[in-house]
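Please open the model in the viewer and keep the sequence panel at hand. The tour begins with the whole chain and then proceeds to individual selections.

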Amino acid sequence: MTKTRKFLLSAAIAAAGLAWIMQSSPASAEGNLVVYCGVQEEWCQLMVNEFQKKTGITVAMTRKSAGEIYAQIKAEAANPKGDVWWGGTGDPHLQAAEEKLTAVYESPMAKDLHPWAVEQAKTGSMRTVGIYLGALGFGYNTETLAKKKLPEPKCWADLTKADYKGEIQIANPNSSGTAYNFLATMVQIMGEDKAFDYLKKLNENINQYTKSGAAPAQAAGRGETLIGISFMHDVITPSIQGMPLKVVAPCEGTGFEIGSMSIIEGARNLDNAKKFYDWALTPEAQVLGAQAQSYQNPSNKKAPIPEQAPKMNKIKLIDYDFKKYGSSEERKRLLAKWDSEIKATK
């Protein structure tokens, strides 16, 4: 082998080694960001794409349900892999804040936010902030209902009727923030004992506990189940796409979510995490939800509410206690009780 060929071979090996080191090292260099995203894939990807175009920062994004992201952040606490947790119901964000799994940060954009978003930040000791508002409800497949000649469900109480045996889907509250919000909502509407009696009766009509909170609405739209319990905006999206779904705001009243965002404690790309955090609170970023066919109420007062979004002032909303039901102790206790009294019987 000639000296020239030896030199070229050595250079190639060195370059390959350097590339492997760069690929296998954590994203810590300037220009990188790791986002854990808790809404649907389309909205997650649109947020990432627009932020990358605006800043030149390279974003690695993982999409999971809120409960799954909380569990991942907790598991990684000693060696954080993520920088920002964007989206998903506020309860697990508040639990993470209480456990100091997320970092204190007050964005300069806070002055432009609705009071409910600012209150979420205060409840979470400035370790989280509200980014959107959504009301809990359910949707049913109008074609399947007509075909089976079943009555139209209008209330939470209707869902326990024998008419709907094996016809309902909801997510598992351990993985889904939506389903935990439902669990906490029932407790607040009925009182804990009556709520768990209700959940046991409802359990008889459940055909599947899904991982994602939006999945039951999508399944109802496809005719795989008659009724899907989800946030109303998750029912509206497939209905606008042409699926035969009707959204219901339950007659007894219902809970709601404050979708939230948090910076992960120990974030390796903290400066970029703050840039994303600030940008995600701007009207420019918050209009992207509607573009991705996700119709929540945005937290920035200057961001328009999508025409398709549920009219929050026309829905009977309960006074949801985010501080109590977002606390670590209460979430753990209710989830353990649900596991032993509901899940164990399925």
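Display the whole protein as a cartoon: this predicted model contains 15 helices and 10 strands. The radius of gyration is 22 Å, close to the 20 Å that the globule rule gives for 346 residues, so the protein is as compact as a globular protein of that length. Aligned on the principal axes, the C-alpha atoms occupy a box of roughly 85 × 50 × 40 Å.

Next, switch on the surface. The accessible area of the protein is about 15500 Å², and carbon and sulfur atoms contribute 54% of that surface. Of the 346 residues, 54% are buried. Contacts can then be considered by their separation along the chain: of those between residues at least 6 apart in sequence, 76% join residues at least 24 apart. If the charged side chains are coloured by sign, 41 positive and 37 negative charges appear, and the mean positions of the two sets are 4 Å apart.

**The disulfides**

Select the cysteines. How many disulfides does the protein contain? The count is 2 disulfides. A disulfide is a covalent bond between the sulfur atoms of two cysteines. With bonded cysteines counted along the chain, the pairing follows the pattern 1-2, 3-4.

Zoom first on Cys37 and Cys44, whose sulfur atoms are 2.1 Å apart in a disulfide. Is this link left-handed or right-handed? The angle about the S-S bond is -90°, and the link of Cys37 and Cys44 is left-handed. Cys37 and Cys44 are both buried.

Move next to the disulfide between Cys155 and Cys251, with an S to S distance of 2.0 Å. This pair connects distant parts of the chain, 96 residues apart. Cys155 is in the loop between helix 6 (142-148) and strand 5 (168-171), while Cys251 is in the loop between strand 8 (245-248) and strand 9 (256-263). The link of Cys155 and Cys251 is right-handed, with 120° about the S-S bond. Why does Cys155 count as buried? Its relative accessibility is 14%, and the limit for a buried residue is under 20%. Cys251 has a relative accessible area of 42% and is therefore partly exposed.

**Tyr36 and its contacts**

Select Tyr36, which belongs to strand 1 (residues 32-37). Tyr36 counts as buried because its relative accessibility is 3%. Now add the residues in contact with Tyr36, leaving aside neighbours within four places in sequence. Which residues does Tyr36 contact? They are Thr62, Ile69, Gln72, Ile73, Glu76, Lys81, Gly82, Val84, Trp85, Trp86 and Ile264. For a distance check, draw a line between the C-alpha atoms of Tyr36 and Met61: these are 5.9 Å apart in space, although the two residues are 25 apart in sequence.

**Asp112 and its contacts**

For the final stop, select Asp112, located in the loop between helix 4 (90-98) and helix 5 (115-123). Is Asp112 buried or exposed? Asp112 counts as buried, because its relative accessibility is 14%. Show its contacts as sticks, again without residues up to four places away in sequence: Asp112 touches Ser299, Asn300, Lys301 and Lys302.

Terms used
Residues numbered from 1 in each chain as written. Predicted model: local features only at pLDDT ≥ 70, side-chain atom pairs only at ≥ 80, totals over all residues. Heavy atoms only, no water. Disulfide = S-S within 2.5 Å. Buried < 20%, exposed > 50% of the residue type's maximum accessible area, 1.4 Å probe, protein only. Helix = DSSP H or I, 4+ residues; strand = E, 2+ residues; numbered from the N terminus. Rg over C-alpha atoms; globule rule 2.2 N^0.38 Å. Contact = heavy atoms within 4.5 Å. Areas by Shrake-Rupley, 256 points an atom, 1.4 Å probe, with all protein chains shown as cover. Lys, Arg positive; Asp, Glu negative; His and termini not counted. Charge placed at Lys NZ, Arg CZ, Asp CG, Glu CD.
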